[in-house]
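Biologist: Please take a close look at one helix in this model. I would like to know how its two sides differ and what lies around it.

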Amino acid sequence: DGLGVDLCPFLDLTHLPCPGCGLTRSVTNVTHGNFATAWVYNPFGFAFWASFAVMAPCLVLPQRVLLGIQRRASPFATWIHRIAWIILSGLLVFGLARLLHHAFTGTVFPTLP
């Protein structure tokens, strides 16, 4: 449930949720296996969690290994960029839907399970 402190300056200033509101709590809940709660906070937490899981090993791999991975992945670079843009676009559409939800209900997040 967090510490009761909002980290989003947009939410603090406007009292409106941004597309990323709940993303940190969602990723944390995915990590803890609370998938239903993660989905309620922000469904894009799953995509961000998966991205972190794929990219985190790159922080400790030797440079030669990273270059080999980059060489093998280069034919898929266009698809990787497309997927990233699709996820970003989906996050923005989700943010607009959440703003509409807030306009009609006055709540930032739906009721947690």
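Modeller: First, a definition: buried means under 20% relative accessible area, exposed means over 50%, and partly exposed is in between (1.4 Å probe, protein chains only). This is a predicted model, so local features need pLDDT of at least 70 and side-chain atom pairs count only at pLDDT 80 or more, while totals for chains, interfaces and linings use all residues. Residues are numbered from 1 along each chain as its sequence is written, and side-chain values use heavy atoms, with hydrogens and water left out.

Now helix H2, residues 23-31. Helices are DSSP runs (H or I, at least four residues), numbered from the N terminus. Which residues of H2 are buried? They are Leu23, Ser26, Val27, Asn29 and Val30. These residues cover an arc of only 160° around the axis, so they sit on the same side of H2. The arc is that of the directions from the helix axis to the C-beta atoms. The other side of H2 has Thr24 and Thr31, and both are exposed.

What does the buried side pack against? The partners are helix H3 (35-41) and helix H4 (45-55). Take Asn29, which belongs to H2. Its relative accessible area is 14%, so Asn29 is buried. Setting aside residues up to four places away in sequence, Asn29 touches Asn34, Thr37, Ala38 and Tyr41. Contact here means heavy atoms within 4.5 Å.

Leu23 has a partner too. Phe44 sits in the loop between H3 and H4. Phe44 counts as buried because its relative accessibility is 16%. Neighbours within four places in sequence aside, Phe44 is in contact with Leu23, Ile87, Gly90, Leu91 and Phe94. The C-alpha atoms of Phe44 and Leu23 are 7.1 Å apart, with their positions 21 residues apart along the chain.

Next, the two ends of H2. Gly33 follows H2 and has a positive phi, near 85°. Cys21 lies in the loop between helix H1 (9-14) and H2. At 5% relative accessibility, Cys21 is buried. From the C-alpha of Cys21 to that of Gln63 is 35 Å, for two residues 42 apart along the chain.

You may want to check the cysteines. A disulfide is a pair of cysteine sulfur atoms within 2.5 Å. By that rule the count is zero. Cys18 is buried, at 17% relative accessible area. Cys58 is partly exposed, at 33%.

Helix H4 packs against the buried residues of H2, so follow H4 a little further. Ala47 is in H4. At 24% relative accessibility, Ala47 is partly exposed. The C-alpha atoms of Ala47 and Ala84 are separated by 9.7 Å, and the two residues are 37 apart along the chain. Met55 is in H4 as well. Phe52, Val54 and Met55 make a nonpolar surface patch of about 330 Å².

Last, helix H6 (residues 77-105), which holds Trp85. Trp85 is exposed, at 56% relative accessibility. Its C-alpha is 22 Å from that of Val30, and the pair is 55 residues apart along the chain. Val30, for its part, is one of the buried residues of H2.

Key:
Patch = residues over 30% accessible without salt bridge, like charges linked within 9 Å, V, L, I, M, F, W, Y side chains within 5 Å. Areas by Shrake-Rupley, 256 points an atom, 1.4 Å probe, with all protein chains shown as cover. Salt bridge = Lys/Arg side-chain N within 4 Å of Asp/Glu carboxyl O.
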